[in-house]
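Visitor: Please pick one part of this model and take me through it closely. I would like to see how it sits among its surroundings.

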Amino acid sequence: MPKSKKVKVWLKLITPEFLGRKEVGEIPANEPENARGRRIILSAIDVLGDFNKYYLKFIFKVGEVDEKNAYLYFDGLECTRDFIARMVRRKVDRTDLVVDKVTKDGVKLRLKTIVITRRVPKGIRTKIRKKIDEILSEEVTKSTMEEFILKAISNEFKNSVISALHKIYPVRHFEFRKIEVKTPLDELVRIIKEKKSV
């Protein structure tokens with residue numbers, strides 16, 4: 001007798017609590033436990049319901065599962081290449097910064113920012129990078145990971161960074177090109193569970 005094929009189960013994808021704890025799709029798995037660690041990329045429109053954030057992609061990992069659900073943990077976000085390409089046109093300068101910061105709750109984030117200005121001398125770009133680094137150090141260390149991510153995707157925060165940079169040089173755009181969670185998934189699950197139990 002041939003072995004009967006194991007029926008795949010379909011697990012509902014559930015976003016983290018700070019993003020509304022809502023269902024955003026389904027994934028198949030031979031066993032629910034096999035879905036742990038799987039990487040899921042979703043449009044910000046699906047996650048936030050905000051069409052103004054069409055250019056953002058959220059990256060998650062399945063951190064926990066039960067019989068029916070796969071619970072997503074934030075793993076990063078990034079801008080689409082098209083969006084960056086539209087910002088970086090002729091006769092502009094882009095100033096990139098890549099820094100690692102640790103949040104108040106001990107999550108390590110790699111932050112990649114981009115600033116668009118008219119053509120500027122190298123010294124001005126160094127000052128812009130330094131100022132962004134100062135702002136990020138202050139904001140990340142006083143925020144939990146969830147608080148900082150919500151801040152990073154808000155227009156208010158971006159506008160406040162642009163206002164601060166304007167004192168150095170007029171800035172056209174400031175954006176988080178990419179945010180990556182560098183803390184291992186098991187540790188991230190532990191950190192978030194501990195916060196809930198307090």
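Guide: Helices (H or I, at least four residues) and strands (E, at least two) are runs assigned by DSSP and numbered from the N terminus. This is a predicted model, where local features need pLDDT of at least 70, side-chain atom pairs count only at pLDDT 80 or more, and totals for chains, interfaces and linings use all residues. Residues are numbered from 1 along each chain as its sequence is written, and side-chain values use heavy atoms, with hydrogens and water left out.

Start with the whole chain. It holds six helices and eight strands. Read from the N terminus, the order is β-β-β-α-β-β-α-β-β-α-α-α-β-α. The C-alpha atoms fill a box of roughly 75 × 40 × 25 Å along the principal axes. The chain has 198 residues, and 47% of them count as buried. Buried means under 20% relative accessible area, exposed means over 50%, and partly exposed lies in between (1.4 Å probe, protein chains only). Now take contacts, meaning heavy atoms within 4.5 Å. Among those between residues at least 6 apart in sequence, 61% join residues at least 24 apart.

Now the close look, at helix H4. H4 covers residues 145-152, and its buried residues are Met145, Glu146, Phe148, Ile149 and Ala152. These buried residues span an arc of only 165° around the axis, which puts them on the same side of H4. The arc is taken over the directions from the helix axis to the C-beta atoms. A general rule helps here. An α-helix has 3.6 residues a turn, so residues three or four places apart point the same way.

What does the buried set of H4 pack against? The partners are strand E5 (69-79), strand E7 (108-118), H3, H5, strand E8 (173-181) and helix H6 (185-197).

One residue of H4 outside that buried set is Glu147. Glu147 is partly exposed, at a relative accessible area of 41%. Leave out residues up to four places away in sequence, and Glu147 touches Lys104 and Lys142. Glu147 and Phe18 are 129 residues apart along the chain, yet their C-alpha atoms are separated by 8.3 Å.

Next, meet a loop residue that touches H4. Thr103 sits in the loop between E6 and E7. Its relative accessibility is 5%, and Thr103 therefore counts as buried. Beyond four places in sequence, Thr103 touches Leu109, Val140, Ser143, Thr144 and Met145. Met145 is also one of the buried residues of H4.

Two of H4's partners, H3 and H5, also meet each other. H3 (residues 122-141) and H5 (residues 155-166) pack at an angle of about 140°, with axes 10 Å apart. That makes H3 oblique to H5. Axes are lines fitted to C-alpha atoms, for helices over the stretch in contact, and angles run from 0 to 180 degrees between N-to-C directions. Under 35 degrees counts as roughly parallel, over 145 as roughly antiparallel, 65 to 115 as roughly perpendicular, and the rest as oblique. From H3, the contact uses Ile128, Lys131, Ile132, Ile135, Leu136 and Glu139, and from H5 it uses Phe157, Val161, Ala164 and Leu165. Eight of these contact residues are nonpolar, none are polar and two are charged. Here Ala, Val, Leu, Ile, Met, Phe, Trp, Tyr, Cys and Pro count as nonpolar, Asp, Glu, Lys and Arg as charged, and the others, Gly among them, as polar.

Step over to strand E6, residues 92-102, where Val98 lies. Val98 is partly exposed, with a relative accessible area of 48%. Neighbours within four places aside, Val98 contacts Arg110, Leu111, Lys112 and Arg177. Asp66 is 32 residues from Val98 along the chain, and their C-alpha atoms are separated by 37 Å.

Finish at strand E4 (residues 56-65), home of Lys61. Lys61 is partly exposed, at 27% relative accessible area. Not counting residues up to four places away, Lys61 touches Gly37, Arg38, Arg39, Tyr71, Leu72, Tyr73, Asp75 and Leu185. The C-alpha atoms of Lys61 and Gly76, 15 residues apart in the chain, are separated by 9.3 Å.
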